[in-house]
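Ready for some practice in reading a protein model? Work through the exercises below one at a time, and try each task before you look at its solution.

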Amino acid sequence: MALPWGVMEEIDSEKLENIREYINMVVNTKIHLDTGERARILKADIKERKGQYKLIYRYQLD
């Protein structure tokens, strides 16, 4: 089994609510990637600091 990875991406404040809804749906699910691999989304959250928003999520490849 692969080790979990983490990613941080800056997001636009105008898309904040849509992204928040989406990440609530995909946590604890598997997403099929174009490469044929599957990624299990372990956790995700949006953090705000100094007016900038960051999407932070952890995933594990199956």
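**Exercise 1: A residue in a loop**

K50 is exposed, with a relative accessible area of 75%. Bear in mind as you work that this is a predicted model.

Task: Find where K50 lies, and say what sign its phi has.

Solution:
- Step 1. Look between β3 and β4: the loop there holds K50.
- Step 2. Check the backbone angle. K50 has a positive phi, near 55°, and K50 is a residue other than glycine.
- Step 3. Return to accessibility. Exposed means over 50%, so K50 at 75% counts as exposed.

**Exercise 2: Buried, partly exposed or exposed?**

Task: Put N28 and E17 into the right accessibility class.

Solution:
- Step 1. Start with N28, found in the loop between α1 and β2. Its relative accessibility is 61%, so N28 counts as exposed.
- Step 2. While you are there, note that N28 is not a glycine, yet has a positive phi of about 70°.
- Step 3. Move to E17, which is found in helix α1. The partly exposed class runs between 20% and 50%, and because E17 has 47% relative accessibility, it belongs there.

**Exercise 3: The nonpolar core**

Task: Name the residues of the largest nonpolar core, and say which element gives the largest share.

Solution:
- Step 1. Pick out the 7 residues: I11, L16, I19, I23, I46, L55 and Y57.
- Step 2. Assign them to elements. Two or more residues come from each of α1 (16-26) and β4 (52-61). The largest share, 3 residues, belongs to α1.
- Step 3. Zoom in on L55. Leaving aside neighbours within four places in sequence, its contacts include I11, I19, I23 and I46, along with V7, M8, E9 and D45.
- Step 4. Link this to a wider pattern: in soluble globular proteins, nonpolar side chains tend to be buried together.

**Exercise 4: The largest pocket**

Task: Which element gives the most to the lining of the largest pocket, and how many of the lining residues are nonpolar, polar and charged?

Solution:
- Step 1. Locate the pocket, which holds about 220 Å³ of space. Among its lining residues are Y22, I31, A39, L55 and Y59.
- Step 2. Consider the elements that give two or more residues to the lining: α1, β3 (38-49) and β4. The most comes from β4, with 4 residues.
- Step 3. Sort the lining by class: 12 residues are nonpolar, while none is polar and none is charged.

Technical notes: Residues numbered from 1 in each chain as written. Predicted model: local features only at pLDDT ≥ 70, side-chain atom pairs only at ≥ 80, totals over all residues. Heavy atoms only, no water. Core = buried A, V, L, I, M, F, W, Y, C linked by side-chain atoms within 4.5 Å. Buried < 20%, exposed > 50% of the residue type's maximum accessible area, 1.4 Å probe, protein only. Contact = heavy atoms within 4.5 Å. 1 Å grid on protein atoms, 1.4 Å probe; cavity = no way out; pocket = protein on both sides within 12 Å on 5 of 7 lines; lining within 4 Å. Points joined across faces, edges and corners; volume = space filled by probe spheres on them. Nonpolar A, V, L, I, M, F, W, Y, C, P; charged D, E, K, R; others polar.
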